[in-house]
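Subject: Structure for you to look at

Hello,

Here is the structure I promised to pass on. Please open it, and keep it on screen while you read my notes below.

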Amino acid sequence: MEKLNRISRDELLMGVVHLLSKRSTCVRGHNAALISKDGRIVSTGYNNPPKGQPHCSPDHCDINYACIRSVHAEANAIAFSARFGIPLEGTTMYVSSSPCKKCAELIIQAGIKEVIYRDEFRDDEGLNLLKQSGILVRKYESEVSND
């Protein structure tokens, strides 16, 4: 029997995170988050202003300091789940950037058990808080095949 050449779930889900990040209107950075349960997507989010509010623009945001208009991707994914009654206990979150401290607090409170991130946020407060709270944290490493 011939071996199937297919991507791993991590590669698939992180690829979806990359695609979702393209929906962000934040001028400072395009981030996305995806929450999965048993390898299936249950919620997604990207950094964007609250529903009904103007999108980010250089006129409204200080791109050298911090985004003041967008809700973070992790918070949007968790909020979507809460809005529609999707339990997050025991889920895995895939994120384009490691969570800030505030998002780490939300992740802990939501019952998410693992966080897989692609890039590192400018400080490691969020990662440290997740680890101290028993959340599994892993940096995603692309799986390049030489086939």
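The protein has four helices and five strands. Along the sequence they follow the pattern α-β-β-α-β-α-β-α-β. Please keep in mind that this is a predicted model. Buried residues make up 39% of the 147 residues. Of the contacts with a separation of 6 or more, 51% are between residues 24 or more positions apart.

The sheet

Start with the strands. Five of them form an open sheet in the order 2-1-3-4-5, and the pairing is mixed. Which strands stand at the edges? They are strand 2 (40–46) and strand 5. Each has a single partner strand, so one side of each is left without a neighbour in the sheet. On average, neighbouring strands are turned by 20° against each other, direction ignored.

Now look at strand 4 (residues 114–119) and strand 5. The two run parallel, and four bridges join them. One pairing to find is Glu 114 with its bridge partner in strand 5, Leu 136.

Next, add helix 1. Helix 1 lies across strand 1 (32–37), strand 2, strand 3 (92–97), strand 4 and strand 5. Helix 1 runs at about 145° to strand 1.

The other helices

Helix 2 (residues 73–83) has several buried residues. They are Ala 73, Glu 74, Ala 75, Ala 77, Ile 78 and Ser 81. What covers the buried residues of helix 2? The cover includes strand 1, strand 2, strand 3 and helix 3. Just after helix 2 comes Gly 85, with a positive phi of about 70°.

Helix 3 also meets helix 4 (residues 125–132). Their axes come within 7 Å and cross at roughly 25°. That angle makes helix 3 roughly parallel to helix 4. The crossing is right-handed. On the helix 3 side, the contact is made by Lys 101, Ala 104, Glu 105, Ile 107 and Ile 108. On the helix 4 side, it is made by Glu 125, Gly 126, Leu 129 and Leu 130.

Salt bridges

Side chains of opposite charge can pair when their charged atoms come close. How many salt bridges does a search of the whole structure find? It finds four.

Take Arg 138 and Asp 10 to begin with. Their side chains meet in a salt bridge, at 2.8 Å from N to O. This pair links distant parts of the chain, 128 residues apart. Arg 138 is in strand 5 (residues 136–139), while Asp 10 is in helix 1 (residues 9–21). Is each partner buried or exposed? Arg 138 counts as partly exposed, at 34% relative accessibility. Asp 10 is buried, with a relative accessible area of 15%. The pair also belongs to a network of salt bridges, in which Asp 10, Glu 114 and Arg 138 are linked.

Another salt bridge joins Glu 105 and Lys 102. Their closest N and O atoms are 3.5 Å apart. Why are these two separated by about one helical turn? Because they are three residues apart in helix 3 (residues 101–110). Lys 102 counts as exposed, at 60% relative accessibility. Glu 105 counts as partly exposed, at 29%. Glu 105 is also one of the helix 3 residues that make the contact with helix 4.

Then find Asp 119 and Arg 118. Their side chains meet in a salt bridge, at 3.1 Å from N to O. Asp 119 is partly exposed, at 35% relative accessibility. Arg 118 is partly exposed too, with a relative accessible area of 23%.

One loop residue

Finish with Lys 113. Where does Lys 113 lie? It lies in the loop between helix 3 and strand 4. At 42% relative accessibility, Lys 113 counts as partly exposed. Leaving aside residues up to four places away in sequence, Lys 113 touches Gly 90, Thr 91, Thr 92, Ile 135 and Leu 136. Leu 136 came up earlier, as the bridge partner of Glu 114. Look at Gly 134 as well. Lys 113 and Gly 134 are 21 residues apart in sequence, and their C-alpha atoms are 7.9 Å apart in space.

Best wishes

Conventions
Residues numbered from 1 in each chain as written. Predicted model: local features only at pLDDT ≥ 70, side-chain atom pairs only at ≥ 80, totals over all residues. Heavy atoms only, no water. Buried < 20%, exposed > 50% of the residue type's maximum accessible area, 1.4 Å probe, protein only. Pairing = 2+ DSSP bridges. Axes fitted to C-alpha atoms, helices over the stretch in contact; angles between N-to-C directions. Contact = heavy atoms within 4.5 Å. Parallel < 35°, antiparallel > 145°, perpendicular 65-115°, else oblique. Left-handed = near helix turned anticlockwise from the far one by under 90°.
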